[in-house]
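Me: I would like to go through some charged pairs and surface features of this model. Please reason briefly before each answer.

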Amino acid sequence: MKELDIDMAWFKRELKGIITTTEEKKEAPDGIWNKCPNCKKPLHYSEQVENQYVCHYCGYHLRIGSKEYFAVLFDNNEFTELFTDLTSGDPLHFEDTKKYTDRLKETQTKTGLKDAIRAGAGKIDGQDLVIACMDFNFIGGSMGSVVGEKIARSIDYCIANKVPFLMISKSGGARMMEAAFSLMQMAKTSAKLALLSQAKIPYISLLTDPTTGGVTASYAMLGDINIAEPGALIGFAGPRVIKETIKKDLPKGFQTAEFVQEHGFLDFIVDRREMKEKLASFIKMMAN
């Protein structure tokens, strides 16, 4: 009977040691574990860094920001950040569910970023390179006046110093809170890239998931070499909008990097783990 009581106590979880009190429970710190959006398997942070934020089970390319791209591409993650003090104004005094100025402050505090793009000058495999990289976490990576201005200034820097330019696009398109000021960045950046071309300085465009809207319609597709990561969503309007407009089903894989390459808009699709090596060889080839 004594053994039965012990067994029943275990079943009822009455004996000390069977359960852990709330105070004694240990929570895993945020950010240590992630789940692959494709295969749903757990990924440890150290494994993600080691595998350059690519799922080692299925090869899915996780969405990352400028901090991670700079670490992957720049030699020893050493670079000089350019034009750090640029922030968006509110020329239209825009307000939807909240004021645009409040949204900017809130997003800046949350992400630690000044806007949806960062630019840095450093070396890749010993060769000078300027990288401008968009951050989707900042209002969907939307292209506002600061994004256009940083790209323009980065191009000016490249022309003045004879340094190749790499643009990493990751955006939902133009920033509606800045309306025409945002759309003007399409023409502004395209004109600056024309000057870069006249100076015979290489421009590499890397399209990542997602690259859409006015970004796709301007600087993202104007590279001397246009590269994309596997499976990246690339397009102007979204698939749902297109389907509703033309009233037809879309082809399988529509607007994926593979579909876009098949139709002649991309030169290469490159795995992120091989990206640095490929970029370095492209720069070396174009320099010669």
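Me: How far apart are the closest N and O atoms in the salt bridge of Lys243 with Asp249?
Reply: In this predicted model, Lys243 is partly exposed at 40% relative accessibility, whereas Asp249 is exposed at 66%. Lys243 and Asp249 form a salt bridge whose closest N and O atoms lie 3.4 Å apart.

Me: Which residues are joined into one network by salt bridges that share partners?
Reply: The structure holds 16 salt bridges. Through shared partners, some of them join into one network the residues Asp115, Arg175 and Glu178.

Me: Is Glu229, the salt-bridge partner of Arg272, buried or exposed?
Reply: The closest N and O atoms of Glu229 and Arg272 are 2.9 Å apart. This pair links distant parts of the chain, with Glu229 in the loop between β8 and α8 and Arg272 in helix α10, 43 residues apart. Like Arg272, Glu229 is buried.

Me: What is the separation of the C-alpha atoms of Pro230 and Ile269?
Reply: Pro230 is found in the loop between β8 and α8, and its contacts beyond four places in sequence include Ile269 and Val270. Although Pro230 and Ile269 are 39 residues apart along the chain, their C-alpha atoms are separated by 6.0 Å.

Me: Why does Met184 count as exposed?
Reply: Met184 lies in helix α6 and contributes, with Leu92 and Phe181, to a nonpolar surface patch of about 280 Å². A residue is exposed when its relative accessible area is over 50%. Met184 therefore counts as exposed, because its relative accessibility is 52%.

Key: Residues numbered from 1 in each chain as written. Predicted model: local features only at pLDDT ≥ 70, side-chain atom pairs only at ≥ 80, totals over all residues. Heavy atoms only, no water. Helix = DSSP H or I, 4+ residues; strand = E, 2+ residues; numbered from the N terminus. Contact = heavy atoms within 4.5 Å. Patch = residues over 30% accessible without salt bridge, like charges linked within 9 Å, V, L, I, M, F, W, Y side chains within 5 Å. Areas by Shrake-Rupley, 256 points an atom, 1.4 Å probe, with all protein chains shown as cover. Salt bridge = Lys/Arg side-chain N within 4 Å of Asp/Glu carboxyl O. Buried < 20%, exposed > 50% of the residue type's maximum accessible area, 1.4 Å probe, protein only.
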